[in-house]
Amino acid sequence: MGKPLFYEILEKPATSCVIGICTAIWFYIQKKNIGYSHVGLSYDTAIEGHYWRIITSAFSHISILHLVFNMSALWSLGVVEQLGHIGLGVEFYLQYTLVLVVLSGMLVLGAYHVLIQKFKLEYFRRVTAVGYSCVVFGWMTILSVKQPSSKLELFGFLSLPISFAPFESLIFTSIIVPKASFLGHLSGIIVGYSIAWGLIHGVNNYWAISMLGWMVLLFVLSLKRSGAFDFNFLEIESVTDPSFPSVRFLGNGRTLQMTSLPVAAAELV
């Protein structure tokens, strides 16, 4: 008999919080009838300055099955929080979750750029990535290197050897799920190996908090500049070089404004 859920939540506090956030966002999206084209990440929207989508795309999901599959895998991978004795643990989990969210999103955009500019595959301009799978595949990869004897448990009955799980899952989802984002999942694996092999290292609490601060600032400024969200207390004025905005605070209040975007193909990540 397994442990009561309450005790498992206490053992995986960061994982539980992420699952709670993703679930709450899914309910909000359903209630407000927000489409994936308003929160997902695509090459065209990134060019238009919608950098905030790197964050919103990671924590948004298209369907309940999409959400359940990702969160089930993430729950199993939450064992990372209990492995402080091998250099992982809760702090490591939080610090490198930020790295995985940002770098995997940027890597996806970089791949789109190469496919569009070098290979003239215009289809990838409007392909919209949505979901937490980039981060899931990243943690799956890190755990396969750091704790190869572990098992990946899915839905409580499917168990995969973690050492093969990243590429097994990459192939499986690409075949079974028609809209699965091969590039998104592969990006998570690449960033995961970079972290596990020490190519990306040295992230501590100071750097993580600094990164989070810059992420919040860029998130707010890009929301404002793209017109997706009108922060009435914030005004961005052009100075000598238009690429350098000046910011000033005016007052309180905010309104939600959805920009009208062309419908794009969605990829589940």
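1. Accessible areas here come from the Shrake-Rupley method with a 1.4 Å probe. On that basis, the protein chain exposes about 14200 Å², and carbon and sulfur atoms supply 68% of that area. Keep in mind as you look around that this is a predicted model.

2. Now the overall layout. The protein chain has 11 helices and 8 strands. Of its 269 residues, 45% are buried. If you take the contacts in the protein chain with a separation of 6 or more, 71% of them come from residues 24 or more positions apart.

3. A good place to begin is the pair of salt bridges, since the count comes to 2. Side chains of opposite charge can pair when their charged atoms come close. In one of the bridges, the side chains of Asp 44 and Arg 125 meet at 3.4 Å, N to O. This pair links distant parts of the chain, with Asp 44 in helix 4 (residues 43-47) and Arg 125 in the loop between helix 7 and strand 1, 81 residues apart. In the other, Glu 122 meets Arg 125 at 2.5 Å, N to O. Together, Asp 44, Glu 122 and Arg 125 are linked in a network of salt bridges.

4. Are the members of that network buried, exposed or partly exposed? Asp 44 is partly exposed, because its relative accessible area is 24% and the partly exposed class lies between 20% and 50%. Arg 125 counts as partly exposed at 23%, and Glu 122 does too, at 43%.

5. On to the aromatics, where the structure holds 10 pairs. Take Phe 167 and Tyr 193: their ring centres are 6.3 Å apart and their planes are at 25°, so the pair is stacked. Phe 167 lies in helix 9 and Tyr 193 in helix 10 (residues 182-196), so the pair ties together parts that are 26 residues apart in sequence. As for cover, Phe 167 is partly exposed, with a relative accessible area of 41%, while Tyr 193 is buried, with 17%.

6. Two other aromatic features deserve a look. Phe 92, Tyr 93, Tyr 96 and Trp 139 form one aromatic cluster. Elsewhere, a charged side chain meets a ring: Lys 12 lies over the face of Trp 75, at 4.3 Å from the ring centre.

7. Helix 9 comes up again when you turn to the surface. Which residues make the nonpolar surface patch of about 440 Å²? They are Ile 171, Phe 172, Ile 175 and Ile 176. Phe 172 has its place in helix 9 (residues 165-176). Its relative accessible area is 45%, so Phe 172 is partly exposed.

8. For a look at the buried side of the model, try Gln 95 in helix 7. With a relative accessibility of 8%, Gln 95 counts as buried. What does Gln 95 touch, not counting residues up to four places away in sequence? The answer is Val 203, Asn 204, Asn 205 and Ala 208. The C-alpha atoms of Gln 95 and Leu 212 are separated by 9.5 Å, although these two residues are 117 residues apart along the chain.

9. Ser 76 is another one to click on, in helix 6 (residues 64-77). Ser 76 counts as buried, at 11% relative accessibility. Leaving aside its neighbours within four places in sequence, Ser 76 is in contact with Lys 151, Leu 152 and Glu 153.

10. Finally, a couple of backbone spots to check. Asn 33 is not a glycine, yet its phi is positive, at about 55°. Asn 33 has its place in the loop between helix 2 (13-32) and helix 3 (36-39), and counts as exposed at 69% relative accessibility. Lys 120 also has a positive phi, of about 60°, although it is not a glycine. Lys 120 is in the loop between helix 7 (90-117) and strand 1 (128-130), and counts as exposed at 58% relative accessibility.

Key
Residues are numbered from 1 along each chain as its sequence is written. This is a predicted model: local features need pLDDT of at least 70, side-chain atom pairs count only at pLDDT 80 or more; totals for chains, interfaces and linings use all residues. Side-chain values use heavy atoms; hydrogens and water are left out. Patches are made of residues with over 30% relative accessible area and no salt bridge: like charges are joined within 9 Å, nonpolar side chains (Val, Leu, Ile, Met, Phe, Trp, Tyr) within 5 Å. A salt bridge is a side-chain nitrogen of Lys or Arg within 4 Å of a carboxyl oxygen of Asp or Glu. Helices (H or I, at least four residues) and strands (E, at least two) are DSSP runs, numbered from the N terminus. Buried means under 20% relative accessible area, exposed over 50%, partly exposed in between (1.4 Å probe, protein chains only). Rings of Phe, Tyr and Trp (its six-membered ring) pair if their centres lie within 6.5 Å; planes under 30 degrees apart count as stacked, over 60 as edge-to-face and the rest as tilted. A charge sits over a ring if NZ of Lys or CZ of Arg is within 6 Å of the ring centre and within 35 degrees of the ring normal. Contact means heavy atoms within 4.5 Å.
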